[in-house]
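Colleague: I'm still learning to read structures like this one. Could you zoom in on one loop for me, then follow the trail outwards from there?

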Amino acid sequence: MKRKGGCELNKFDGEEGRIFKVNPKERREEKKKKKVEEGRKMGDVADKLAYFQAITGLEDADLCTEILAAHNWDLELAISSFTTSVNPTTDTPQPNPNNHLPSAPDLQPVPQPPPGLAWKLITLPVSVISGSLGLISGAIGLGLWAAGGVLSYSLGLVGLGSTPSSSSSAPLVSVSAATSEAMDFVAAFEREYGSSGPNFVGEGFMDALQRSRNSFKLLFVYLHSPDHPDTPSFCHRTLCSEIVAAFVNENFVCWGGSIRASEGFKMSNSLKASRFPFCALVMAATNQRIALLQQVEGPKSSEELLVTLQRVLEESSPVLVAARLDAEERRNNMRLREEQDAAYRAALEADQARERQRREEEERLAREAAEAERKLKEEEEARERAAQEAAEKQAALAKIRQEKAESLGEEPEKGPDVTQVMVRFPNGERKGRRFHNTATIKSLYDYVDSLGSLEADSYILVSNFPIVKYEQDKLALSLKEAGLHPQASLFVELTSLE
């Protein structure tokens, strides 16, 4: 019950039958704690559901939720019940905190499910993740290996590997620090125990985990305690024995760290190393975690360690093989897509080249047609101009002939002062006319021009006997002065213009 204008709430206590006041601040704190608790529970539920799906290979989230709820969200009990119900004849021991969790069988019909793999999931410190890879923890997502019904190898790194230089947010530990620690450990180990031991990588833990993912191998982890009394004997007799070192180098990616160093100390806390010497076999899991497959604590002989390593390797081989096949399939699919894309691009380029050639051919034909049309038009225009010029010339000649004929006047009648002139043309045609004896030689030229019987533009009049050429210097002479009176016979001699 809330009082108007107040800040306190009344709460009824059903057991004692009394009403007491509740401070709103306390109520808000209570609600906040409740939400935090619910969020934590929801996170645990999501983690258990994801892990149960990865182990059993079931994709139906609702079915997995029902199975876990039926077992009161006891992950180990639910997995044990599931694997036992799938194959009740299996000899796999019941899970307990000190044994491995059995994994689900392949969903394909097989005689027996594969042996157990993951023991438990280990959440890595943020500083280990960001320190090894130079990225803040929010940019990292590690995918669980799950293939078929067991575990697929899907170590998904969100923003990892593709942009190794994307360090816009400063990491908690620099890349050089984690790498320097690893290199210092390798150098110190080889100085102390020689170079015949495992080939520890000189890089941070997350880089080594990434290397194991890329090579489809498990990660062999050795945490070195320099002050432990069993450490020298274990390193000399077990870890550096020829058979163990060869087996580890052949089948695992090896990473070691001293618990005196920052990253080695954090990994010992994460793996909860309680006894030394300490070895572990891990692989990547979800949400910045790793799956712990096996840990070996305390002094072990080379034979004991080798048997353990061989057993875990045999149990995990289906996972690694499936992961490798899955990766190869992805690479093949990618290569096939690239080949198809290349073929498509080649076909597209060929089509584009053909289209380009077709357009160029069309453009060439269009240009040739336009050029031919232009030339035809020019020729037509030239003919029209020539015809027009010829017509104009003919009209001019006709006009000239008419003018010259008019300049001659009427032909005079016969008489003593009249001269009879006969003109013979080159084609044999003869023309005659009477002129006054006072008419000039030029009048004879005008008469010949007025007839229009000549095609040539240049000619002279010549008398037969005696042969006299009446050229430019004689045009002003009269017929009588030229000796052509009372009659004259002339012929036309064609000349060339110079």
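Modeller: Lys272 is exposed, because its relative accessible area is 57% and exposed means over 50% (buried is under 20%, partly exposed is in between, all with a 1.4 Å probe and protein chains only). You'll find Lys272 in the loop between α9 and β6. Those labels count DSSP runs from the N terminus: helices are H or I runs of at least four residues, and strands are E runs of at least two. Lys272 also has a positive phi of about 55°, although it isn't a glycine.

Before we go further, some small print. This is a predicted model, where local features need pLDDT of at least 70 and side-chain atom pairs count only at pLDDT 80 or more, while totals for chains, interfaces and linings use all residues. Residues are numbered from 1 along each chain as its sequence is written, and side-chain values use heavy atoms, with hydrogens and water left out.

Now stay in that loop. Pro277 also lies between α9 (262–270) and β6, and the peptide bond leading into Pro277 from Phe276 is cis, with omega near 0°. Follow Phe276 across to another loop: leaving aside neighbours within four places in sequence, Ser225 is in contact with Phe276, Thr231 and Ile259. Contact here means heavy atoms within 4.5 Å. Ser225 sits in the loop between β4 and α7. Is Ser225 buried or exposed? With a relative accessible area of 8%, Ser225 is buried.

The elements beside these loops turn up again in the largest nonpolar core, which has 30 residues. A nonpolar core is a set of buried Ala, Val, Leu, Ile, Met, Phe, Trp, Tyr and Cys residues joined through side-chain atoms within 4.5 Å. Phe189, Phe200, Phe220, Tyr222, Phe252 and Leu309 have the most contacts inside this core. At least two residues each come from α5 (175–193), β4 (218–224), α7 (231–239), α8 (242–251), β5 (252–258), β6 (278–284), β7 (289–297) and α10. The largest share, six residues, belongs to α10. For a feel of the packing, take Phe189: not counting residues up to four places away in sequence, Phe189 touches Gly194, Phe200, Tyr222, Cys235, Leu239 and Cys240. Apart from this core lies another one, of 24 residues, including Tyr445, Tyr447, Val448 and Leu484.

Let's ride along α10. This helix covers residues 302–408, so to speak a run of 107 residues, and reaches 148 Å from its first C-alpha to its last, close to the 159 Å expected at 1.5 Å a residue. (The expected span is 1.5 Å times one less than the number of residues.) There's a kink of about 45° at Ser316, shortly before the proline Pro318; the bend at a residue is the angle between axes fitted to the seven residues ending there and the seven starting there. After α10 comes Gly409, whose phi is positive, near 75°.

Further along the chain is an open sheet of five strands, in the order β9-β8-β12-β10-β11, with mixed pairing. Two strands pair if DSSP finds at least two bridges between them. β9 (430–436) and β11 (468–470) stand at the edges with a single partner strand each, so one side of each has no neighbour in the sheet. Strand β8 (418–424) shows both kinds of pairing: β8 and β9 are antiparallel over seven bridges, while β8 and β12 run parallel and are joined by five bridges. Looking towards β9, Met422 stands opposite Gly432, and Gln420 has Arg434 as its bridge partner. Looking towards β12, Val421 faces Ala488. The hairpin of β8 and β9 has five residues between the strands, and Gly428 takes a positive phi near 95° there.

Remember the cis bond back in our loop? Here's another: His485 and Pro486 are joined by a cis peptide bond, with omega about 15°. Pro486 is in the loop between β11 and β12 (487–494).

And Lys272's positive phi has company. Asn72 also has a positive phi of about 55° without being a glycine. Asn72 is in the loop between α2 (61–70) and α3 (75–86), and counts as exposed at 68% relative accessibility.
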